[in-house]
Amino acid sequence: MIIDHPLLGPRDAAEFVYLGDASLIDRPDWQAPDAMEKFHAYGYLRDNPAGEHQELWYHEQGDRSWLVVTRDTVTHTITKVELARDVARGKTKARGRGK
Amino acid sequence: MTQVNRLPGGLVDRSEEVKFQFNDKWMRGYPGDTLASALMANGQLLVGRSFKYHRPRGVFTAGSEEPNALVQLRRRAEQEPNTRATMIELFEGLYATSQNHRGSLEFDLLAINDFFAPFLSAGFYYKTFMWPKAFWEKLYEPIIRSAAGLGRLSMKEDPDSYDKGFLHCDLLVIGAGPAGLAAALTAGRSGARVILADEDFRPGGRLNAETLELGGMAGHAWAEEAVKELAEMDNVRLMSRTTVYGAYDHGIYGVLERCTDHLRDSNGKPRQILWRIYSKRAVLAAGATERPIAFGNNDRPGILLAGAMRAYANRYAVAPGKQIAVFTNNDDGWRTAADLYAKGVEITTVVDSRDKPALLNIPGARHFGGQAVMDTVGRAGMKSIQLTNGQVIPCDGLAVSGGWNPNVHLTCHQRGRPEWREDLCAFVPGSDLPPGMVVAGAANGAMTLAAALSEGAVKASAQLEDLGIKPKGGEMPQAEDEPRDCAAFWHVKQSKNRAWVDLQNDVTVKDVKLANTEGFRSVELLKRYTTMGMATDQGKTSNIAGLAILAEEAGKTIPEVGTTIFRPPYTPVPLGALAGRARGKDFRPYRLTPSHKWTEENGASFVTVGNWLRAEWYTQPGEKGWRDSVDREVLQTRKSVGICDVTTLGKIDIQGKDAGAFLDMVYANTFSTLKVGRVRYGLMLREDGICYDDGTTARMGEDHYVMTTTTANAVLVFRRMEFVRQCLCPDMDVHLISTTDGWAQFAVAGPKSRDLLRKVIDRDHDISNDAFPFMACGHVTVCGGTPARLFRISFSGELAFEIAVPARYGNSMMAVLNEAGKEFDAVPYGTEALGVMRIEKGHCTGNELNGQTTAHNIGLGKMVSQKKACIGNVLSQRPEMIREDAVRLVGFRPVDRSRKLIAGSHFITKGDTASMANDQGWMTSVAYSPNLGYSIGLGFLKEGQNRMGEIVRAVSPIHNTEMEVEVVSPHFIDPEGERLRG
């Protein structure tokens with residue numbers, strides 16, 4: 001596979017390490033009243049879609065960026081690649097606005 | 001032997017002769033021959049024995065689809081089994097032997113299997129060797145193993161080297177037949193970066209095997225011109241002897257180039273190269289493969305596919321006999337008759353399953369329309385054929401054509417499904433091709449020369465336009481649309497004798513019918529039950545006939561039955577090529593510590609830790625075994641001072657205003673409160689609350705921390721910290737860099753360690769206990785100004801320091817420390833002594849932090865802060881993980897002090913039976929303590945903290961031993977920690 005790195009351009013998948021579902025970015029609040037349940041779901045419950053999937057890849061043999069890759073698990077078509085840090089920042093901002 | 005079957009003409013070079021050996025008989029051929037054509041020229045039609053029945057077999061095809069002519073190539077360590085004689089280029093001194101027979105090829109003792117054929121039907125093994133169960137391992141399997149299989153491995157190390165490489169192109173053209181050449185010419189002339197790959201050593205594909213003309217030239221001559229033109233283009237890479245074996249994601253193709261297989265010696269060059277080609281677009285022009293018709297005894301040497309027999313006559317100038325019969329269900333088979341006749345071979349008969357007039361006039365040949373070949377007579381060769389009308393016709397060769405199958409394999413590698421085309425009686429590529437791929441020529445069902453040429457050019461042009469390259473020069477010369485009519489005809493129903501569908505796996509029509517009768521009606525089940533389509537040829541010639549017969553039996557159409565899924569590789573890829581240079585010592589990269597040279601010169605034995613080679617122990621003269629060395633190193637360190645290279649521990653440099661807050665998130669305990677110039681032990685958890693890694697982290701400055709990790713987890717911890725930084729704490733001002741390789745670090749441990757270091761560290765640095773107490777850290781200089789970092793930390797439990805210098809000074813530093821230590825009788829020590837001392841002190845390593853244990857288990861439950869966000873603290877508080885009666889880390893010593901503890905033993909309370917139900921925990925680490933004079937251990941015991949002094953049983957069913965052990969504190973040495981604070 002080839003991953004189109006947002007900073008470095010197309011790179012072979014062999015340079016990356018796969019982690020899994022990008023929902024790992026959405027770490028629950030440790031002080032929430034139901035933190036135990038939320039962390040349990042965060043740690044153990046994953047969707048396993050046959051189709052579009054957002055997942056985390058780490059460019060270990062490259063610039064050490066964590067990426068959020070949107071990939072079709074059936075065809076391996078990659079439709080979007082973002083810096084995970086940008087995605088995570090977007091989420092904190094969105095949460096900030098929500099408050 | 002002389003070349004009795006050689007014909008005039010052909011594309012072989014008659015100016016010189018090549019001598020070669022087959023089964024130790026010397027024979028002659030010409031450059032341009034394959035081993036198959038040279039054997040045929042020498043009248044050697046029998047080349048091997050079949051897999052199951054050990055039937056005599058000969059060459060059946062002229063390409064990589066060959067099911068029969070598998071031979072062992074070369075000798076000794078170079079020996080390579082199961083090579084296809086049809087793909088081996090002849091070279092001077094070539095040595096090949098036939099395989100799969102006991103005794104000689106001519107008198108194979110296992111040919112007796114053929115007489116037992118009625119008992120050896122599909123599923124024979126499954127049905128026969130079921131019981132008694134005990135017989136399987138001792139009797140059945142050894143017999144079957146020795147009888148089965150094809151070639152034999154030399155069991156010696158392969159002396160050749162194999163490489164891997166990467167290539168990039170705009171357009172990859174797969175196959176250099178007419179369609180492929182047309183595509184490559186068009187793309188090359190348009191300026192695109194082109195790779196043209198072809199498995200043959202002579203590009204041209206069927207143009208080399210046919211007598212067809214292009215623009216008034218012989219086909220092979222036009223191909224030669226085209227190749228010459230392509231070779232002169234800088235933007236084109238021509239790769240012959242190169243098979244594109246797999247179509248992978250995003251335009252990546254797996255490719256095997258056979259660089260020196262055609263030479264007698266590799267001469268130090270790589271034998272093969274496994275390429276990974278990154279293409280923007282691809283044209284698949286893989287051509288088509290002819291298929292046989294099944295009839296009685298259709299497997300004799302001398303029976304060839306019609307197209308193959310034509311290739312042997314036209315390209316290699318050989319024929320398998322003097323009197324040839326042709327059996328066809330299509331127009332193409334007639335060309336074999338015509339071409340062989342033109343070469344002066346007598347054509348006795350053309351049998352056409354279609355009841356229509358003769359397509360061509362072949363003088364001397366009788367034509368039988370609407371008839372079929374029912375049976376053949378002969379043993380190691382052909383004598384005659386019998387037709388369905390009862391007529392017997394003498395002949396010594398038979399050409400069979402059942403039509404042509406487009407080579408759709410690569411179109412299916414991403415689960416594309418081929419589609420049935422009734423007019424061709426064949427599957428053609430479906431619409432769901434791998435992205436970026438188009439198919440041209442016979443592979444796409446464009447079966448005539450004119451169609452192949454134009455499709456190659458047109459498809460390539462479309463691909464170029466897609467890439468924004470203006471196509472030019474796509475005009476191809478005039479060629480004919482030769483007649484290609486074909487009528488489905490799979491097997492001869494009137495045949496009474498066994499009719500082979502799959503020659504390589506000895507699968508007959510009867511076997512396919514039996515599979516259907518017994519309920520194995522899915523094509524995938526048929527394959528697994530009968531083995532049809534397995535092994536080296538993957539059923540290239542047999543699959544379609546097999547599923548046509550299955551369809552007929554099941555009363556379905558062929559498209560309803562469907563095909564099995566084609567997967568890479570298209571043809572076999574040697575394991576040597578897949579391994580490349582990654583074998584033996586180079587299987588994985590290995591890393592050397594900065595002091596490796598000094599360590600090696602001073603008698604160290606090495607052990608692999610992670611990827612590192614670390615000193616295990618240093619052998620002194622007179623020491624008889626490793627224990628002598630390790631005991632000495634431990635005793636001398638505790639008595640005076642020892643030195644150990646600890647560079648391999650991971651080092652991570654953490655800087656930024658939020659460095660402290662970041663570490664609070666990563667570690668279970670708190671680091672933001674650590675004072676500058678101090679070090680703290682840190683424990684990391686996984687998000688599920690299990691222990692992950694531990695180490696020490698030093699605060700070198702207000703915004704600067706230096707972390708150490710365990711050797712094994714250095715990469716993983718760094719990866720996870722980047723995850724936390726980028727994904728969980730994206731707004732923190734913190735940066736990380738791995739400095740594991742940047743600093744050489746040495747532990748200097750023992751009561752004399754300070755005295756030793758005072759000789760090395762420049763005088764203006766005060767390292768007295770007051771100025772530099774336990775858990776202090778700071779910048780110093782050594783040897784007159786060399787920058788260094790000093791940490792007062794101890795893994796051994798002694799007064800100890802770790803000193804780090806830039807890695808390039810590492811080897812000198814090791815020498816300097818040992819030289820300075822001479823007056824104290826300092827010893828260098830290895831990982832074994834390190835391990836003994838940490839067990840004596842009760843420190844955890846990977847044996848204890850094994851991915852199953854919690855902070856609570858190792859007695860550090862209170863370290864897990866509940867006052868801050870950190871990885872793992874929430875789930876670490878799950879009730880099951882903080883049970884009072886959970887296992888706890890404690891120490892053990894044998895009641896009988898002379899006994900040796902065994903790691904992995906399980907603890908059983910005295911009086912209980914040794915069963916899983918009564919399991920009380922397990923021993924994680926053991927060592928002989930030279931300080932105590934007996935074996936000691938660490939382990940996890942249920943409620944261990946409350947059981948000090950209790951005697952339990954340590955049981956090891958694996959070693960079949962058990963012994964009584966006493967539960968003690970895990971701190972065997974200096975439990976109050978006075979030494980390390982001294």
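These are my notebook entries on a predicted model with chains A and B.

**Chain A**

I started with chain A and listed its elements: 2 helices and 6 strands. Read from the N terminus, they run β-β-β-α-β-β-β-α. I then took the extent of the C-alpha trace, which spans about 45 × 25 × 20 Å along its principal axes. Chain A has 99 residues, and 19% of them are buried. I also checked how far apart in sequence the contacts reach. Of the contacts in chain A with a separation of 6 or more, 48% join residues 24 or more positions apart.

**Where A meets B**

Next I looked up how many residues each chain puts into the contact: 22 come from chain A and 16 from chain B. On the chain B side that touches chain A, I find 7 nonpolar, 6 charged and 3 polar residues.

**Nonpolar cores**

Then I went looking for nonpolar cores. The largest has 172 residues, and B:Ile174, B:Ala183 and B:Val283 have the most contacts inside it. A second core, separate from that one, has 103 residues, among them B:Ile652, B:Tyr667, B:Met700 and B:Met721.

I followed up B:Ile174, leaving aside neighbours within four places in sequence. Its contacts include B:Val283 together with B:Ala282, B:Leu284, B:Ala285 and B:Ala286. B:Gly180, B:Ala197, B:Val244 and B:Leu410 are also in contact with B:Ile174.

**Helices α5 and α9 of chain B**

B:Ala183 turned up again when I checked a helix pair, as one of the α5(B) residues that touch α9(B). Helix α5 covers residues 178-189 and helix α9 residues 449-466 of chain B. Their axes are 7 Å apart and the packing angle is about 35°. I noted the crossing as right-handed.

From α5(B), the contact also takes in B:Pro178, B:Ala179, B:Gly180, B:Ala182, B:Thr186 and B:Ala187. From α9(B), I noted several residues, including B:Leu449, B:Leu453, B:Gly456, B:Ala460 and B:Leu464. By type, the residues of this contact divide into 11 nonpolar, 4 polar and 2 charged.

**Helix α19 of chain B**

Last, I asked myself which residues of helix α19 of chain B are buried. In this helix (residues 753-760) they are B:Ser753, B:Arg754, B:Leu756 and B:Leu757. Looking down the axis of α19(B), I see the buried residues fall within an arc of 160°, so they line one face of the helix. This fits the general rule that residues three or four places apart on an α-helix point the same way, because there are 3.6 residues a turn. What covers the buried residues of α19(B) includes the strands β40 (743-749) and β43 (800-806) and the helix α20 (810-820), from chain B.

How values were computed
Residues numbered from 1 in each chain as written. Chains lettered and ligands numbered in written order. Predicted model: local features only at pLDDT ≥ 70, side-chain atom pairs only at ≥ 80, totals over all residues. Contact = placed C-beta atoms within 7 Å. Nonpolar A, V, L, I, M, F, W, Y, C, P; charged D, E, K, R; others polar. Axes fitted to C-alpha atoms, helices over the stretch in contact; angles between N-to-C directions. Helix = DSSP H or I, 4+ residues; strand = E, 2+ residues; numbered from the N terminus. Left-handed = near helix turned anticlockwise from the far one by under 90°. Buried ≥ 20, exposed ≤ 12 C-beta atoms within 10 Å, placed from the backbone. Arc of directions from axis to C-beta. Core = buried A, V, L, I, M, F, W, Y, C linked by C-beta atoms within 7 Å.
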